[in-house]
Amino acid sequence: MEGFIAMIPLIVIVLLILASCIKVVPQAQAMVIERLGGYQATWGVGIHFKLPVIDRVAKRVLLKEQVVDFAPQPVITKDNVTMQIDTVVFFQITDPKLYAYGVENPIMAIENLTATTLRNIIGDMELDETLTSRETINTKMRASLDIATDPWGIKVNRVELKNIIPPAAIQEAMEKQMKAERERRETILVAEGEKKSAILKAEGKKEAIILDAEAEKQSAILKAEAQKEKMIREAEGQAEAILKVQQANADGIRFLKEAGADASVLALKSFEAMTRVADGQATKIIIPSEMQNMAGMIKAAAEIAKES
C-alpha cells in the first residue's frame with residue numbers, strides 16, 4: 001500500500017505527459033509539428049497525438065483572412081511632390097509550412113514590401129494621376145505583393161490605399177481650385193437657368209401672339225359671316241316686300257279689269273305701281289314700251305281736252 005502511494009506522483013506525471021500529447025486543432029487553424037527539431041507534419045482540424053518529448057508544436061497558424069493596417073509611408077511622385085500614404089492589406093495563409101519557415105517575421109516583411117512597392121508605383125506617376133488612380137494603384141500593388149509573398153505561403157487578396165495626404169500647400173491649392181470649380185459650375189447653372197427662362201418667356205409671348213392673331217381671325221370671320229347673314233336677310237326682306245307690292249298691284253289691276261276700268265285708268269295705276277317700286281331711291285327706271293304708248297295717248301287726250 002505504501003508502494004502504491006509512493007507511485008501516485010509518478011502516475012500523475014505520466015498522465016499529464018499523455019494529456020499533453022493529445023492535441024485538438026480547432027476550425028480555421030493549423031499546427032506545424034517538428035520532430036527532433038525538424039519539420040514533421042502539418043495538422044489540420046481534429047484530434048491528433050504526438051510523441052512525448054520527441055514531437056513538439058512549432059507554430060500555430062491562423063488560416064482566416066487577416067487585415068493589417070500599416071502606418072503612413074512617405075512617397076515621392078514623378079513631379080517631386082512628397083505625400084503620406086497609408087495602406088490596408090488583406091491576406092490569408094495558404095501554406096502553414098512555408099509561413100512557419102519562409103520568413104522570420106511575415107507581418108514586418110509584408111509591411112516593408114508594401115512600402116517599397118508603393119514607392120516604386122507612385123514614383124512613376126504625377127500628383128494628379130496619383131489622386132485619381134486609386135484603383136490602378138491598388139491593382140498593381142496586389143499583383144506585386146501576391147507574387148512576392150507566395151514563397152512565404154501567404155496570398156494577398158486585396159490592397160487598399162486608406163489615405164493619401166498631400167502637403168499642406170498642395171491641399172490649400174486644391175481647395176482653392178475646387179472652390180473655383182464650384183463657383184464656375186454655379187455660374188454656368190445660373191446662366192443656363194436664365195437662358196431657359198428667357199426661352200420659355202419668348203415661347204410664351206410667341207404663343208400668346210399666335211393665340212391673339214387666331215382669335216382676331218376668328219372674330220373677323222364671325223363678323224364677316226354675321227354681316228353676310230345680315231345683308232342676305234335684308235335682301236330677302238326687300239325682295240319679299242317688292243314681291244308683295246307687285247302682287248298687290250297685280251291684284252289691283254285685275255280688280256280694275258274685272259270692274260270695267262278703261263285703258264287710261266290701268267295706265268295710271270301702272271305708273272303709280274312703278275313709283276312705289278322706285279320708292280324715291282331708284283336713279284333709273286325702265287318702262288315697258290306698251291306703257292310708254294299708253295302714256296302718250298293719255299297726254300294727247302289731255303291736250304285735246306284743254307283745247308276744247
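**Reading a predicted model, step by step**

Reader: Where in this chain does Glu-34 sit?
Author: Glu-34 belongs to strand S2, which covers residues 29-35. Keep in mind that what you see is a predicted model.

Reader: Why is Glu-34 called buried?
Author: Its relative accessible area is 8%, and the word buried applies under 20%. The value falls below that cut-off, so Glu-34 counts as buried.

Reader: What makes the link between the side chains of Glu-34 and Arg-56 a polar contact?
Author: The two side chains are joined at 2.9 Å, while the limit for such a pair of N or O atoms is 3.5 Å. The distance lies within the limit, and therefore it fits the term. The side chain of Glu-34 also makes a polar contact with that of Tyr-101, at 2.7 Å.

Reader: Which residues is Glu-34 in contact with, leaving aside its neighbours within four places in sequence?
Author: Tyr-39, Gln-40, Ile-54, Asp-55, Arg-56, Ala-58 and Tyr-101 are in contact with Glu-34.

Reader: How do you know that S2 and S5 pair?
Author: Pairing asks for at least two bridges. S2 and S5 have seven, in the antiparallel sense, so they qualify as paired. One place to look is Gln-29, which stands opposite Leu-62 in S5.

Reader: What is the order of the strands in the open sheet?
Author: Three strands form this sheet in the order S3-S2-S5, with antiparallel pairing. From one strand to the next, the twist averages 25 degrees.

Reader: Why are strand S3 and strand S5 said to stand at the edges?
Author: Strand S3 (38-43) and strand S5 (55-62) each have a single partner strand, so each has one side without a neighbour in the sheet.

Reader: What makes S7 and S8 a pair?
Author: Four bridges join these antiparallel strands, and at least two are needed, so S7 and S8 pass the test. One of the matched positions is Gln-73, whose bridge partner in S8 is Ile-85. The two strands form a hairpin with five residues between them, and in the turn Asn-80 has a positive phi of about 60 degrees.

Reader: How do the side chains along strand S7 point?
Author: They alternate: Gln-73 and Val-75 face one way and are buried, whereas Pro-74 and Ile-76 face the other way and are not.

Reader: Which residues touch the most other members of the largest nonpolar core?
Author: They are Ile-85, Val-89, Ile-110, Leu-118, Ile-137, Met-141 and Leu-161, out of 29 residues in this core. Strand S8 (82-93), helix H3 (106-122), helix H5 (134-149) and strand S9 (154-165) each supply at least two of its residues. H3 gives the largest share, six residues. Leu-161 also has contacts beyond its neighbours within four places in sequence, among them Ile-85, Leu-118, Ile-137 and Met-141.

Reader: Where is Lys-64, between which strands?
Author: Lys-64 lies in the loop between S5 and strand S6 (66-69). Beyond its neighbours within four places in sequence, Lys-64 is in contact with Ala-28, Phe-91 and Gln-92. Its C-alpha atom is 9.4 Å from that of Thr-94, which is 30 residues away along the chain.

Reader: How many helices and strands does the chain have?
Author: There are eight helices and nine strands. Buried residues account for 21% of the chain's 308 residues.

How values were computed
Residues are numbered from 1 along each chain as its sequence is written. This is a predicted model: local features need pLDDT of at least 70, side-chain atom pairs count only at pLDDT 80 or more; totals for chains, interfaces and linings use all residues. Side-chain values use heavy atoms; hydrogens and water are left out. A nonpolar core is a set of buried Ala, Val, Leu, Ile, Met, Phe, Trp, Tyr and Cys residues joined through side-chain atoms within 4.5 Å. Buried means under 20% relative accessible area, exposed over 50%, partly exposed in between (1.4 Å probe, protein chains only). Contact means heavy atoms within 4.5 Å. A polar contact is a pair of N or O atoms within 3.5 Å; within protein, one must be able to donate a hydrogen and the other to accept it, and residues adjacent in sequence count only if both atoms are side-chain atoms. Axes are lines fitted to C-alpha atoms, for helices over the stretch in contact, and angles run from 0 to 180 degrees between N-to-C directions.
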